[in-house]
Amino acid sequence: MKVKQISVFLENKSGRLAAVTRVLGEEDINIRALSIADTSDFGILRLIVNQPEKAYRALKDHGFTVSMTDVIAVEMPDQPGGLAEVMAVMEEHNLNIEYLYAFIGKVPNGALVIFRVENIDEALKILEEKGITVLSGEKVYSL
Amino acid sequence: MYWNEKYECMPREQLEELQLERLKATVERAYHNVPHYRRLMQEKGIEPSDIQSLEDLRKLPFTTKNDLRENYPYGMFAVPLSEVVRIHSSSGTTGKPTVVGYTRNDLNVWAELMARSLTCGGATKNDVIHNAYGYGLFTGGLGVHYGAERIGASVIPISGGNTKRQVMIMKDYGSTILTCTPSYALYLAEVMEEMGVRPEDLKLKCGIFGAEPWSENMRKEIEKKLPLIALDIYGLSEIIGPGVAMECPEKNGLHIFEDHFIPEIIDPVTEEPLPYGQFGELVFTTITKEALPMIRYRTRDISALYKEPCSCGRTLVRMARVSGRTDDMLIIRGVNVFPSQIESVLLEIGETEPHYQLIVQREGSLDTLEVQVEVSERLFSDKVRRLEELENKIRAEIESTLGITVKVTLVEPKTIQRSEGKAKRVIDKRRI
């Protein structure tokens, strides 16, 4: 049930994000979700794409520093309190969140949140036990 | 004004006689007491008795920092440790430190040379000398200190740092002579301005600045901001410390105290001596040092020698202010920095060959060092916190190795220029 996320190291200078998206476009890779975390000198671009392995290879071949990590995609009702319910489960079980980002649409009446947690297997087990919908990689890539 | 007119203004012929006599004694002592020198001289087929004129100096082998390292710690000493009363040393982060020793007489000579240097800048026993050179293993602080005491001036051993307090003390204690690195002098001036202390609140008349290369423009800037005449002092611990040469108010090159050191300029590649007036690598032979005689020590500093007498009356040969280095050593805020030191820190952290670049700039009056490191796949993490921890770790390791603050920036791979031959590790943007 894990989702592969691609992370790319970017210096904070103009044209870097353009370069990444150009490579992905040329390789016919479609971006499903993205987020950027930045500091004063660098940023980390995190991507969910339709073909993670291919994207990883292509970016690496173009000289980017890339890593592939496992994240969890959680589907929740797109309504007030939807995220709060998931967070309550996380909190109750001391699942430490490294970062998260969300995207809406595509799933009927649902929102998707991507979580990066320390202990992914444990998190998956608990979320499923609590009846929270966790999407598979294949499902997310093909959204 | 001279401290020791007899030697500072000695007729050339007489000075050269004295040099030859002292050179012979030094070579004799080095040959008999330092196995390293004996071996090198034997390899070249030279005996001490072959030194019959000052020109014969050329027959002797060179000494480098490497020789000091290979004989670490005391192998180059020409006296037993029981006669050594002081030890100074470099930080030794490029490998083994360079250890230098002084006998009681060596300290005496050093104090004499520093007394001459300070007097060159107008110091008398009535002066208050604000000594902001670092005290410790570095030779700057104690060198000035003993010279000031020799003159009988009042020395304030303030050392570096705590700049606001320095300004307050300069003002309240009526410091008349400032000794520090030129970049620190500019920083003092800036802080003074911020504190609202005006130049006319100070009694400074002369600044004696060294331990890093500086330019005529920097002199003008210092003199504009501080009420003093700024003079250049030169020295290096391997030779004795500060006080090897000193500029007089004519500002026409630095007088080398030739009754203790014989200077030469060589072509750093062919190692052939160059004539007066030509720039090349500065080489010194000490002719009175007891604990650590140096024969033809290659300083790596680039300068030129001038023989014409100076209008100040000193007959000593003058050297041009140091204009650069023959190796890749950087001097940042008075601290010697070799790119290899940074490389070894990065190697330890990354366990693989790092690509890095050093950017040196002067912000305001202070030198800054930025270390750009290419982030490799192995170092990369998708968590910002981890990357910031990595930057901090590199920064802390470099700072503890070099003793200066640096900025570490992670950059993308392949963004640092590669070169076919020797990597260009340093971009020096300073205009000095």
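**Exercise 1. A salt bridge within chain A**

Which side chain meets that of Asp121(A) in a salt bridge? Describe where the two partners lie and how exposed they are.

*Solution.* This structure is a predicted model, and the first step is to find the partner, which is Lys2(A), with N and O 3.1 Å apart. The second step is to place the pair along the chain: Asp121(A) belongs to helix α4 (residues 120–129) of chain A, while Lys2(A) sits in the segment before β1, so that the bridge links distant parts of the chain, 119 residues apart. The third step is accessibility, where Asp121(A) counts as partly exposed because its relative accessibility is 47%, and Lys2(A) likewise counts as partly exposed, at 32%.

**Exercise 2. The interface of the two chains**

Work out how chain A and chain B meet, beginning with the totals and ending with single pairs.

*Solution.* Begin with the contacts, in which 25 residues of chain A touch 20 residues of chain B. The area buried between the chains is about 1,800 Å², and carbon and sulfur atoms give 53% of that area. Next come the polar links: twelve residue pairs are in polar contact between chain A and chain B, counting pairs with both residues at pLDDT 80 or more. On the side of chain A that touches chain B, β1 (3–11), β3, α2 (52–61), β4 (66–77) and β5 (97–104) each supply at least two residues. Of these elements, β1(A) gives the most, with six residues. Sorted by class, this side of chain A has ten nonpolar, seven polar and eight charged residues.

The rule for salt bridges finds six across this interface, and one of the bridges between these chains joins Arg16(A) to Glu412(B) at 2.4 Å, N to O. Another salt bridge is formed by Lys383(B) and Glu98(A), whose closest N and O atoms are 3.3 Å apart. This pair runs from the loop between β19 (366–374) and α11 (384–402) of chain B, which holds Lys383(B), to strand β5 of chain A, which holds Glu98(A). Both Lys383(B) and Glu98(A) are buried.

**Exercise 3. A threonine in a loop**

Is Thr39(A) buried or exposed? Set out its surroundings as well.

*Solution.* First locate Thr39(A), which lies in the loop between β2 (31–38) and β3 (42–49) of chain A. Its relative accessible area is 13%, and because this is under the 20% cut-off, Thr39(A) counts as buried. Within the loop region, a polar atom of the Thr39(A) side chain lies 3.3 Å from the backbone nitrogen of Asp41(A). Once neighbours within four places in sequence are left aside, Thr39(A) is in contact with Asn12(A), and also with Val384(B) and Glu388(B) of the other chain.

**Exercise 4. The two sides of helix α9**

Which residues of helix α9 (residues 216–225) of chain B are buried, and why can they be said to line one face?

*Solution.* The buried residues are Met218(B), Arg219(B) and Ile222(B). Viewed down the axis of α9(B), they fall within an arc of 105 degrees, and therefore they line one face of the helix. Elements that cover them include α8 (182–194), β6 (206–209), β7 (229–236), β8 (241–247) and β18 (356–363) of chain B. The face turned away from this buried side carries the exposed residues Asn217(B), Lys220(B) and Lys224(B).

The last step concerns a salt bridge in which the side chains of Lys225(B) and Glu221(B) meet at 3.3 Å, N to O. These two residues are separated by about one helical turn, because they stand four residues apart in helix α9 of chain B.

Methods: Residues are numbered from 1 along each chain as its sequence is written. Chains are lettered from A and ligands numbered from 1 in the order in which they are written. This is a predicted model: local features need pLDDT of at least 70, side-chain atom pairs count only at pLDDT 80 or more; totals for chains, interfaces and linings use all residues. Side-chain values use heavy atoms; hydrogens and water are left out. Buried means under 20% relative accessible area, exposed over 50%, partly exposed in between (1.4 Å probe, protein chains only). A polar contact is a pair of N or O atoms within 3.5 Å; within protein, one must be able to donate a hydrogen and the other to accept it, and residues adjacent in sequence count only if both atoms are side-chain atoms. Contact means heavy atoms within 4.5 Å. Buried area is the accessible area (1.4 Å probe) that two parts lose on being put together, summed over both. A salt bridge is a side-chain nitrogen of Lys or Arg within 4 Å of a carboxyl oxygen of Asp or Glu. Ala, Val, Leu, Ile, Met, Phe, Trp, Tyr, Cys and Pro count as nonpolar, Asp, Glu, Lys and Arg as charged, and the others, Gly among them, as polar. The arc is that of the directions from the helix axis to the C-beta atoms.
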